[in-house]
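Here are a few exercises to work through with the structure open beside you. Try each task before reading the solution.

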Amino acid sequence: MTFSKERPFVLVGAGKMGGAMLSGWMAEGIDPASILIVDPFLSPEIGALLKKHGIGHAAQMPDDVIASIILVAVKPQMMDDVLPGLVSACDASTLILSVAAGTPVRKFQEFFGDIPTARCMPNTPAMVKRGITAVYPTEKVTDEQKNTISQLLSAVGKVVWLESEDQIDLVTGVSGSGPAYVFYMTETLKEAGTAAGLPEELAEQLAIATVCGAGELMHQSGEDPAILRKNVTSPNGTTAAALDVLMSERGIQPIMTEAVAAAVKRAKELAG
């Protein structure tokens, strides 16, 4: 790791995503004395976590801090208010990380200049350490800093590296927004079970357990999803009958393609 008590790792914004990452770092054994949280509004849960581990906290960036790493985990619409207050904590070797959707590298360069910067696109399963984070590093990011990024982000799930910043918007459409697609699919499976005649509570239990179990099976088996699908589909059986509908021209694939395209389009709009 490239940060210390003298040149701390600063987390700006300890909301759901920032808080999830912080919990993961504590579980990984990162020295709490090397971390500073900057957030004027802490939830009771995060406040208790900071107190438990003795992690430093400030409502705004202290004047006497020069950070090794600054991870910006605030909403995109807050950037213009937050970034000016971070400039004093940067020098040429400070690494800027951002997990904000729709905020391009050039926005950070406006405030910090051409210092090492990396855009990261995590997703909400990071809250249970099962996320995946895609990272686009600028050319200024060193190999040592890339290693540190991997160590930090792997505390909450998998890490993948992108070749261009344009890919961030594509990742947003698949994995960034993707958990909501799965949640909605679970809702629709529940509603379909209810429509078929099951009690609503039982249909919900069945839908949630099925989606969770299928996801864990994919995770543990390492098999291609298409192979797993074929493994549970008997010729002329019940699953095959359902898949005839789901895989038809009016089925899931064209709708999912359209949905991801809409998310990508909106991500590009937000980035300007």
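## Exercise 1: a charged pair

E216 and R130 are joined by a salt bridge, with 2.7 Å between the closest N and O atoms. Keep in mind that this is a predicted model.

Task: Work out how many salt bridges cross the interface of domain 1 and domain 2.

Solution. Start with the bounds: the domain assignment gives 9-163 as domain 1 and 171-271 as domain 2. R130 falls in the range of domain 1 and E216 in that of domain 2, and the two form a salt bridge. The rule finds one salt bridge across this interface. The polar contacts there come to three residue pairs, with both residues at pLDDT 80 or more.

## Exercise 2: the domain interface

Task: Find which three residues supply 48% of the area that domain 1 buries against domain 2.

Solution. First, get a feel for the layout: the C-alpha centres of the two domains are 32 Å apart. Next, look at who touches whom: twelve residues of domain 1 are in contact with eleven of domain 2. Between them the domains bury about 820 Å², and 60% of that is on carbon and sulfur atoms. Now pick out the trio on the domain 1 side: G102, M121 and R130 supply 48% of what domain 1 buries, more than any other three residues. R130 should ring a bell, as the salt-bridge partner of E216.

## Exercise 3: the sheet

Task: Trace the strand order of the open sheet and say which strands stand at the edges.

Solution. Walk across the eight strands and you get β3-β2-β1-β4-β5-β6-β7-β8, with mixed pairing. β3 (56-58) and β8 (157-161) each have a single partner strand, so one side of each has no neighbour in the sheet. From one strand to the next, the twist averages 20°.

Zoom in on β6 (residues 117-121) and β7 (residues 131-137), which pair antiparallel over four bridges. Here M121 sits opposite A134 in β7. Then add the helices. α1 (residues 16-27) packs on the sheet and touches β1, β2 and β4, its direction making about 150° with that of β1. α5 (residues 143-153) also packs on the sheet, touching β1, β4, β5, β6, β7 and β8, and its direction makes about 150° with that of β8.

## Exercise 4: one more salt bridge

Task: Which helices does the salt bridge of D80 and K107 link?

Solution. The structure holds nine salt bridges, among them D80 with K107, at 2.8 Å from N to O. D80 is in α3 (residues 79-82) and K107 is in α4 (residues 105-112). The pair is 27 residues apart, linking distant parts of the chain.

Notes. Residues are numbered from 1 along each chain as its sequence is written. This is a predicted model: local features need pLDDT of at least 70, side-chain atom pairs count only at pLDDT 80 or more; totals for chains, interfaces and linings use all residues. Side-chain values use heavy atoms; hydrogens and water are left out. Two strands pair if DSSP finds at least two bridges between them. Helices (H or I, at least four residues) and strands (E, at least two) are DSSP runs, numbered from the N terminus. Axes are lines fitted to C-alpha atoms, for helices over the stretch in contact, and angles run from 0 to 180 degrees between N-to-C directions. Contact means heavy atoms within 4.5 Å. Domain bounds come from an automatic or database domain assignment. Buried area is the accessible area (1.4 Å probe) that two parts lose on being put together, summed over both. A salt bridge is a side-chain nitrogen of Lys or Arg within 4 Å of a carboxyl oxygen of Asp or Glu. A polar contact is a pair of N or O atoms within 3.5 Å; within protein, one must be able to donate a hydrogen and the other to accept it, and residues adjacent in sequence count only if both atoms are side-chain atoms.
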